[in-house]
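Let's take a relaxed walk through this structure together. Have a look at the chain first, and then we'll go through it piece by piece.

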Amino acid sequence: MKIIKIVSQSRRDMRVDIQCESCDHIEKGVYAYDDDNFHQNVIPTMECKNCGKTSPENYRALKTKYDEFQQV
C-alpha cells in the first residue's frame, strides 16, 4: 500500500487515502501516524483488503512532515 493523499493532519495524527500497488484498490480515510516507523515499517506491511498483497520490495517511504525528535 502507498499513501496517495493526506486528507487531514493534526500534529502527527493523520487520515490518509492509500492505494494498493498491485490492484489499484483505494481505501479512504485510513488512520495513520506521521513518524519514520509508520512510514518505513507499517505502511509497507499493510495488506490490501481487496487482493491481500503488501507493498513490493522496492517500496519507497515518504518523508515525515516533522523531524523525528521535533516536538509538535
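Which residue in S2 does Ile3 stand opposite? The partner of Ile3 is Ile18 in S2. Keep that pair in mind, as both names will come back. Before going on, a word about what you're looking at: this is a predicted model. The mean pLDDT of the chain is 93, and 100% of its residues reach 70 or more. Among the elements of the chain, S2 has the highest mean pLDDT, at 97, while helix H1, covering residues 36–42, has the lowest, at 93.

Now for the sheet. Three strands make up an open sheet in the order S1-S2-S3, and their pairing is antiparallel. Strand S1 (2–10) and strand S3 (26–33) sit at the edges with a single partner strand each, so one side of each has no neighbour in the sheet. From one strand to the next, the twist averages 25°.

How are the strands held in register? S1 and S2 run antiparallel and are joined by seven bridges. S2, residues 13–19, is also joined to S3 by six bridges, again with the two strands running antiparallel. Here Ile18 turns up again, standing opposite Glu27 in S3. To get from S1 to S2, the chain makes a hairpin with two residues between the strands. One residue to look for in that turn is Arg11, which has a positive phi of about 55°.

Next, the nonpolar core. The largest one has 13 residues, and those touching the most other members are Met1, Ile3, Val16, Ile18 and Met46. So our opening pair, Ile3 and Ile18, is on that list. S2 and S3 each supply at least two residues of this core, and S2 gives the most, with three. Val16 has plenty of company: leaving aside neighbours within four places in sequence, its contacts include Ile3, Ile6, Val7, Val30 and Ala32.

Right after Val16 comes a residue with another character. In a regular strand, side chains alternate between the two faces of the sheet. Asp17 lies in strand S2. Is Asp17 buried or exposed? Asp17 counts as buried, because its relative accessibility is 8%, and the cut-off for buried is under 20%. A polar atom of the Asp17 side chain lies 3.0 Å from the backbone nitrogen of Gly29. Leaving aside neighbours within four places in sequence, Asp17 is also in contact with Lys2, Ile3, Ile4, Lys5, Val7, Glu27 and Lys28, among others.

Let's finish on S3, at the edge of the sheet. Ile26 lies in this strand and is partly exposed, with a relative accessible area of 39%. Beyond neighbours within four places in sequence, Ile26 is in contact with Ile4, Ile18 and Gln19. Ile26 and Ile3 are 23 residues apart along the chain, and their C-alpha atoms are separated by 9.6 Å.

Tyr33 belongs to S3 too. At 32% relative accessibility, Tyr33 counts as partly exposed. Setting aside neighbours within four places in sequence, Tyr33 is in contact with Arg12, Asp13 and Met14, and also with Phe38 and His39. Arg11, the turn residue with the positive phi, is 22 residues from Tyr33 in sequence and 9.2 Å away in space, C-alpha to C-alpha.

Methods
Residues are numbered from 1 along each chain as its sequence is written. This is a predicted model: local features need pLDDT of at least 70, side-chain atom pairs count only at pLDDT 80 or more; totals for chains, interfaces and linings use all residues. Side-chain values use heavy atoms; hydrogens and water are left out. Two strands pair if DSSP finds at least two bridges between them. Helices (H or I, at least four residues) and strands (E, at least two) are DSSP runs, numbered from the N terminus. Axes are lines fitted to C-alpha atoms, for helices over the stretch in contact, and angles run from 0 to 180 degrees between N-to-C directions. A nonpolar core is a set of buried Ala, Val, Leu, Ile, Met, Phe, Trp, Tyr and Cys residues joined through side-chain atoms within 4.5 Å. Buried means under 20% relative accessible area, exposed over 50%, partly exposed in between (1.4 Å probe, protein chains only). Contact means heavy atoms within 4.5 Å. A polar contact is a pair of N or O atoms within 3.5 Å; within protein, one must be able to donate a hydrogen and the other to accept it, and residues adjacent in sequence count only if both atoms are side-chain atoms. pLDDT is the predictor's confidence in each residue, from 0 to 100.
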